[in-house]
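Colleague: I would like a close look at one part of this protein. Please take me through it step by step, and then show me how it sits in the rest.

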Amino acid sequence: MNDMKQEAVAYIALGANLGDREHSLREAIARLNAHPAVRVAACSDIYETEPVGYTDQPQFLNMAARVASTLAPQNLLRVMLGIELEMGRVRDVRWGPRVIDLDLLYMEGFEMDSPELTLPHPRMGERLFVLIPLADIVSSDNSQLHAFVHRALGTLDGKEDIRKWTRSNWPDESAPFAN
């Protein structure tokens with residue numbers, strides 16, 4: 001798929017549970033933003049969460065990012081997978097420990113279901129470690145995603161397994177500039 005001329009807004013979930021977890025999240029955000037066709041617009045706070053699926057592993061730090069990109073969804077996914085690889089991601093256990101994990105959750109204007117990528121992400125409404133950070137940054141301009149996130153949050157239990165770790169220090173482009 002060819003890249004686009006106009007920017008599209010995308011939402012990415014990030015997670016890490018090996019090494020310096022917070023540093024890994026911030027490094028992945030910086031690498032995303034350093035790509036010439038990706039601009040990080042906002043980052044959620046960082047949350048510590050229990051592992052899901054394979055539970056015999058350390059706790060995760062999770063966050064979400066809102067980006068604007070001229071890349072087609074598959075190309076944005078390839079950039080994300082490249083960042084994971086550069087940072088040492090190893091895929092040997094499904095839902096297992098990882099130095100970094102980047103998941104493309106949603107990209108405005110795109111719905112797809114291919115072997116490489118499904119948009120919106122098929123399990124994002126089932127995972128509090130995705131929904132709570134996403135709720136921090138989903139724009140009310142995107143009323144469909146905003147409504148989905150808040151509706152899904154109201155139906156899930158287990159919020160006690162998620163604790164705020166730290167606030168994000170990424171400048172939110174929608175915030176007013178200080179004088």
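Modeller: Start with R78. Its relative accessibility is 43%, so R78 counts as partly exposed. This is a predicted model, so please read every value as computed from it.

R78 has a charged partner. The side chains of R78 and E116 meet in a salt bridge, at 3.3 Å from N to O. R78 lies in helix α2, and E116 lies in the loop between β6 (112-113) and β7 (118-119), so the pair ties together parts that are 38 residues apart in sequence. E116 has a relative accessibility of 40%, so E116 counts as partly exposed too.

Now look at the helix that carries R78. Helix α2 covers residues 73-86, which makes 14 residues. How far apart should its ends be, at 1.5 Å a residue? The span should be 20 Å. The end C-alpha atoms are 20 Å apart, which agrees. The expected span is 1.5 Å times one less than the number of residues, so the count of steps is what matters here.

Which residues of α2 are buried? They are P73, Q74, N75, L76, L77, V79, M80, I83 and E84. Look at the spacing of L76, V79, M80 and I83 in that list. An α-helix has 3.6 residues a turn, so residues three or four places apart point the same way.

What lies on the other side of those buried residues? Take L104. Leaving out residues up to four places away in sequence, L104 touches P73, L76 and M80. Its other contacts are A10, Y11, I12, L117, L119 and H121.

L76 and L104 also belong to the largest nonpolar core, which has 34 residues. Both are among the members that touch the most other members, together with I12, L14, L25, I100 and L102. Several elements give two or more residues to this core: β1, α1 (21-34), β2 (38-43), β4 (60-69), α2 and β5. Apart from it lies another core, of 21 residues, among them Y47, L128, L131 and V149. In soluble globular proteins, nonpolar side chains tend to be buried together.

Y11 is one of the contacts of L104. It leads us to an aromatic pair. The count of such pairs comes to 1. Y11 and Y106 form it, tilted, with 6.3 Å from centre to centre and 55° between the planes. Y11 lies in strand β1 (residues 8-16) and Y106 in strand β5 (residues 101-107), so the pair ties together parts that are 95 residues apart in sequence. Are these two rings buried or exposed? Y11 has 1% relative accessibility, so Y11 counts as buried. Y106 is buried as well, with a relative accessible area of 11%.

Next, follow the chain out of α2. The helix is followed by G88, whose phi is positive, near 100°. Further along is V99, in the loop between α2 and β5. V99 and L85 are 14 residues apart in sequence, and their C-alpha atoms are 9.9 Å apart in space. What does V99 touch, leaving aside neighbours within four places in sequence? The contacts are G15, A16, L18, S24, M87, G88 and R89. So G88 appears again, this time as a partner of V99, by the rule of heavy atoms within 4.5 Å.

Back to the charges. The salt bridges come to 11 in the count. In another of them, the side chains of R21 and E48 meet at 3.1 Å, N to O. R21 lies in helix α1 and E48 in strand β3 (residues 46-49), so the pair ties together parts that are 27 residues apart in sequence. R21 counts as buried, at 15% relative accessibility. E48 is buried too, with a relative accessible area of 14%. Buried means under 20%, so both values pass the cut-off. Salt bridges that share partners join R21, E48, E50 and R163 into one network. R21 also lies over the face of W165, at 4.9 Å from the ring centre.

Finally, step back. The protein has 4 helices and 8 strands. Buried residues make up 48% of its 179 residues. Among contacts between residues at least 6 apart in sequence, 72% join residues at least 24 apart.

Definitions and conventions. Residues are numbered from 1 along each chain as its sequence is written. This is a predicted model: local features need pLDDT of at least 70, side-chain atom pairs count only at pLDDT 80 or more; totals for chains, interfaces and linings use all residues. Side-chain values use heavy atoms; hydrogens and water are left out. Buried means under 20% relative accessible area, exposed over 50%, partly exposed in between (1.4 Å probe, protein chains only). Rings of Phe, Tyr and Trp (its six-membered ring) pair if their centres lie within 6.5 Å; planes under 30 degrees apart count as stacked, over 60 as edge-to-face and the rest as tilted. A charge sits over a ring if NZ of Lys or CZ of Arg is within 6 Å of the ring centre and within 35 degrees of the ring normal. A nonpolar core is a set of buried Ala, Val, Leu, Ile, Met, Phe, Trp, Tyr and Cys residues joined through side-chain atoms within 4.5 Å. A salt bridge is a side-chain nitrogen of Lys or Arg within 4 Å of a carboxyl oxygen of Asp or Glu.
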